[in-house]
Amino acid sequence: MLPWLLAAVNLAAVVLTAPSLGRHLFEVFDGRPQPAWDRWLKPIETGLLRWIGDNGRSADSAIGYLLPLLISNALFGAVALTLLLVQPAWLNPLGFGGLRWDLALHTTFSFLTNTDQQHLVPEQSLGNLAQLGAMQFLMFVSAATGLAVGFAVIRGFSGRPIGNFHLDLLRALTRVLIPASLLLALFLLVSGVPMTLAPPLEITTLEGGQQLLPRGPIALFEAIKQLGENGGGFVSTNSAHPYENPTLLTNLVSTWAMLIIPAATIDAFGRFVGNRRQSNLLLALVFALLLIGTVVSMAAEQAGNPMLERWLSGGNLQGKELRFGAGLTGLWSVVTTGTMTGAVNGSIDAAMPLTILTALFNLFLQVVVGGQGTGIAYLLVYVLLAVFLTGLMVGRTPEFLGRKVEKAQVVWASLILLIHPLFVLIPAALTLAGGASLAGISNPGSHGISQVVYEYASAAANNGSGLEGLGDGTAWWNLTTSLSLLGGRFLPIAALLALADGFRRKPAIEPSPGTLRTDTGLFTGVTAVVLVILGALTFFPVLALGPIAEALTLAS
Amino acid sequence: MSAVAQLWRGVRFTLLLWFLTVVVITLPLLGLARLVAPDAASGSLIRRDGQVVGSRLIGQGFSSARYLQSRPAGAPNLAASNPELAARVAATARRWQSAGVAQPAAELLQDSASGVDPHISLAAARQQLPRLARERQLPLAELERLIPQHQEGPLGLQAIEPVVNVLRFNLALDRLATASTTPSPPVPARP
């Protein structure tokens, strides 16, 4: 009973706090006056923008927004890559050397794309300079890039100019991510998460064994990891490790932190278009999907593994921590895959097949609250297609937010949704065709198929979690997932900006009696159907071969 | 704007953000951490006779019969359907049975996620008390008193069920043993 109650409180806390943050996001990204913030930050932001030589004016095309985004992201990546390849001795007490080139490349792309898939053991390969200067840096700027894109897309849909990338990125940091991370870091710190530059400690245990205590500047790292939907661990066991997630309370707050910004972004969308009924219905839609996944996963984990009934009873605790228990680890796996965070507080590989099914479903849909900024963008793409379909069904010209949805929009929307399966299914098929040794599969049967598909789905969705038994530290995995990481990030971003900028240029039309309203329960229901059909049925064959087959094996 | 100017702007932007997100916010927080929570900031270390013997948060592996034993670690990624998992659980259950625990608690048979789970359930701790009493030649009642003293959660929100911190329990066990084997010197009255 207690896990269900805590899960309900946790999700309710998100729903209750999302509107406040939503209003803040709206003010920040619509350039509204915020006296308390402006007083200190505005002179700094203006000064910094002037220093880089930007006048802060909105770009007049999608390219005008995209180009500085691509240039700065390439440079962000170059800084991190250099630090990972070289790893100077400074702030590197255990004297780790530079990473192998393919691993450095994968790690850089992974953090640059807000994915944080890790094919390395950080506490055995990264010094504090790399953790801070490469990993933490990329976690902040990739999350800010996501937010910037999300709000550029929202602006386009609401008929506003698309905005200025440098200004958006800066404000995403100064007014959202940095203050929120500092607050969360303080909370984590007093809850036991280390924050020190003292070297990891090699100690002798009570029985005389050796143990490395991987302490470091973790609290701030952890805060932006959760709030920014990053998910990369300071240590390889991620949020299962007591230094990253020491108590039940930090676990609950971390779960809230993963959800709050994407939920608030959807709320902010409603404020941008002046229709909060629309955003509340969208929130209801994604939370309904989240809730279904939560019930499925928590029930599956708490029911336990029938294969082990001869020896034990109770929930599935394999690969889980006792302080969170089976149920809340199930909740976490739904939230971390739905929000594209990818942090884990237990092994998803050892989870029940229905939990893995839910996780994959979330990775395929990409909107179950969704990633930092990108979640709302994908959601709007699905809404656009639902508008188009319903328009066809009732024989009216489809309209959304006072603009006609025409060929160009539908083409862009379809392209955006096609990118994801391309970067998941094709490399997964190639890898599986290469045989088990190339794939590095560690669990037999249909679970092995899940391991491979999951790794690419996680990369292309910019999530970062994995079925971690997979032997993914090879050049093949590093290089092929790099393609999925980059393709799953920058192609949709370019297409989304083009779609949004094209949409805002269309003439606004007054609603007529023939206009199909999109802020109704009925239309939201149709959107849900479109989501499930387009998003999940594309992947149904691999779901059937992977987790569904595994679930049937276990049940028989 | 020329490509060079765009690139130059990007370089300045990158430098600025690197400084902001790596130096400007991290250093004050490191300082603040030493002020508000110096113990947590440096890893919640436990010292004995001046030596660091562990962290309150981090579990240790125990194999000696004289210590309370933690959860197994090492294979957290075995799938639910993997026959190796069932074999591993069966082998662990047999080990516990030969050590006199007929029905070991579920978490003693399943690997923790972190490999350093600091906790076991109260039931898992109680199952091991007869062995500890025998090995340490201590009365069972004295050991039973240690359990509530080293319980964590659920009220403090450290854990979702009442659990025992194994390392803290074992340190107390060692203190108990020294206290009962060596006659304790008279405690000088503090001024």
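**From a ring at the interface to the interior of chain A**

In this predicted model, a good place to begin is a pairing across two chains, where Arg12(B) lies over the face of Trp51(A), at a distance of 4.8 Å from the ring centre. A comparable arrangement can be found within chain B, where Arg136(B) lies over the face of Tyr67(B), 5.0 Å from the centre of that ring.

The pairing of Arg12(B) with Trp51(A) leads to the question of how chain A and chain B meet. In total, 92 residues of chain A are in contact with 82 residues of chain B. The size of an interface is often given as the accessible area lost when the parts come together. For chain A and chain B the buried area is about 7100 Å², and carbon and sulfur atoms give 70% of it.

What kinds of polar link join the two chains? Between chain A and chain B there is 1 salt bridge, which Arg9(B) forms with Asp54(A), their closest N and O atoms being 3.9 Å apart. In addition, 34 residue pairs between chain A and chain B are in polar contact, with both residues at pLDDT 80 or more. On the side of chain A that touches chain B, the largest share, 11 residues, comes from helix α6 of chain A, which covers residues 165-190.

Turning to the aromatic rings, the count over all chains comes to 12 aromatic pairs. One of them is edge-to-face: Phe76(A) and Phe137(A) are 5.6 Å apart from centre to centre, with 85° between their planes. Because Phe76(A) lies in helix α3 (residues 62-86) of chain A and Phe137(A) in helix α5 (residues 128-157) of chain A, this pair ties together parts that are 61 residues apart in sequence. Phe76(A), with a relative accessibility of 0%, counts as buried, and Phe137(A) is likewise buried, its relative accessible area being 0%. Elsewhere, Phe26(A), Phe29(A), Phe151(A) and Phe272(A) form one aromatic cluster.

A last stop is Thr336(A), which is found in helix α10 (residues 325-338) of chain A. Is Thr336(A) buried or exposed? Its relative accessibility is 0%, below the 20% limit, so Thr336(A) counts as buried. The side chain of Thr336(A) reaches the backbone oxygen of Ala343(A) at 2.6 Å. If residues up to four places away in sequence are left out, Thr336(A) touches Met258(A), Thr341(A), Gly342(A), Ala343(A) and Asn463(A), so that Ala343(A) appears both among these contacts and as the partner of the threonine side chain.

Technical notes: Residues numbered from 1 in each chain as written. Chains lettered and ligands numbered in written order. Heavy atoms only, no water. Phe/Tyr/Trp six-rings, centres within 6.5 Å; stacked < 30°, edge-to-face > 60°. Helix = DSSP H or I, 4+ residues; strand = E, 2+ residues; numbered from the N terminus. Buried < 20%, exposed > 50% of the residue type's maximum accessible area, 1.4 Å probe, protein only. Lys NZ or Arg CZ within 6 Å of the ring centre and 35° of its normal. Contact = heavy atoms within 4.5 Å. Buried area = accessible area lost by both parts, 1.4 Å probe. Salt bridge = Lys/Arg side-chain N within 4 Å of Asp/Glu carboxyl O. Polar contact = N/O pair within 3.5 Å; in protein donor to acceptor, adjacent residues only side chain to side chain.
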